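I opened my notebook to look through a structure that was new to me. Here is what I looked up, entry by entry.

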Amino acid sequence: SSGINAEYGAAAKDGNAIATFGLGQGHASVGPANIKAKVGQFSAQAVAGPGFGAFADATVVEAGISAGNVAGIHVGLNANTGAGVRNGNVEAHLLGFGGKIGADGIEINTPIGGVNACSVM
């Protein structure tokens with residue numbers, strides 16, 4: 001399967017406020033391999049339930065590949081900043097450096113890329 005889309009908007013629901021803008025993102029899957037790409041993705045989010053925290057995600061460009069739900073790698077340019085609990089993960093980032101652990105497994109990031117090992121729960 002594959003797809004490409006651009007998005008923008010703002011919403012508040014269930015203790016979650018988010019504003020997003022994206023020039024484009026796409027994905028493709030072949031067997032267990034997943035390929036994703038993003039261009040100009042920006043969001044600001046305040047979480048007060050479920051979870052808590054404040055996040056500002058800014059990705060100039062990113063390309064990634066993963067092997068099913070086992071492991072993945074991505075390269076790109078980002079300045080993601082924020083800390084808290086969201087989507088079942090505990091996470092902290094400062095200007096692209098940081099990581100998360102939880103429902104999505106373990107992820108370690110830098111401003112130019114990152115790696116993840118997904119959990120199987």
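These are my notes on strands, hairpins, a pocket, a surface patch and a salt bridge.

**Entry 1: before starting.** I noted that this is a predicted model.

**Entry 2: strands E3 and E4.** I began with E3 (33-47) and E4 (52-67). They pair in the antiparallel sense over 14 bridges. I looked up Ile35 and found that its bridge partner in E4 is Ile65. The hairpin of E3 and E4 has four residues between the strands, and there Gly49 takes a positive phi near 150 degrees.

**Entry 3: from E4 to E5.** Next I followed E4 into E5, and I found the two running antiparallel with eight bridges between them. I wrote down two of the pairs: Ser66 has Gly72 of E5 as its bridge partner, and Gly64 has His74 of E5. Which residue takes a positive phi in this hairpin? I found Gly68, near 55 degrees, in a hairpin with three residues between the strands.

**Entry 4: other partners of E4 and E5.** I then checked where else these strands pair. E4 also pairs with E6 in the antiparallel sense, over five bridges, and I noted Val85 in E6 as the bridge partner of Phe52. E5 pairs with E10, again antiparallel and over five bridges. Here I met Gly72 once more, with Asn116 in E10 as its bridge partner.

**Entry 5: E7, E8 and E9.** I moved on along the chain to E7 (residues 89-94) and E8 (residues 97-102), which run antiparallel and are joined by six bridges. Ala92 has Gly99 in E8 as its bridge partner. Two residues lie between these strands, and in this hairpin Leu95 takes a positive phi near 50 degrees. From E8 I went on to E9 (residues 105-110): five bridges join this antiparallel pair, and the hairpin between them also passes through two residues. I marked Ile101, which stands opposite Ile106 in E9.

**Entry 6: the largest pocket.** How much volume does the largest pocket have? I read about 1400 Å³. It is lined by 44 residues, and those closest to its centre are Lys36, Lys38, Glu62, Lys100 and Glu107. Elements that give two or more residues to the lining are E2, E3, E4, E5, E7 and E9. E3 gives the most, with eight residues. I sorted the lining by class and wrote down nine nonpolar, 25 polar and ten charged residues.

**Entry 7: a nonpolar patch.** On the surface I found a nonpolar patch of about 910 Å², made by Tyr8, Phe21, Leu23, Val39, Phe42, Val60, Val61, Leu77 and Ile112. E2, E3 and E4 are the elements that give two or more residues to this patch. I looked up Ile112 separately and placed it in the loop between E9 and E10 (113-117).

**Entry 8: salt bridges.** I counted three salt bridges, taking a side-chain nitrogen of Lys or Arg within 4 Å of a carboxyl oxygen of Asp or Glu. The one I looked at is between the side chains of Arg86 and Asp57, at 3.1 Å from N to O. This pair links distant parts of the chain, with Arg86 in E6 (residues 81-86) and Asp57 in E4, 29 residues apart.

**Entry 9: looking back.** I kept coming back to E4. This strand pairs with E3, is joined to E5 and pairs with E6. E4 also gives residues to the pocket lining and to the nonpolar patch, and holds Asp57 of the salt bridge with Arg86.

How values were computed: Residues numbered from 1 in each chain as written. Predicted model: local features only at pLDDT ≥ 70, side-chain atom pairs only at ≥ 80, totals over all residues. Heavy atoms only, no water. Pairing = 2+ DSSP bridges. 1 Å grid on protein atoms, 1.4 Å probe; cavity = no way out; pocket = protein on both sides within 12 Å on 5 of 7 lines; lining within 4 Å. Points joined across faces, edges and corners; volume = space filled by probe spheres on them. Nonpolar A, V, L, I, M, F, W, Y, C, P; charged D, E, K, R; others polar. Patch = residues over 30% accessible without salt bridge, like charges linked within 9 Å, V, L, I, M, F, W, Y side chains within 5 Å. Areas by Shrake-Rupley, 256 points an atom, 1.4 Å probe, with all protein chains shown as cover.
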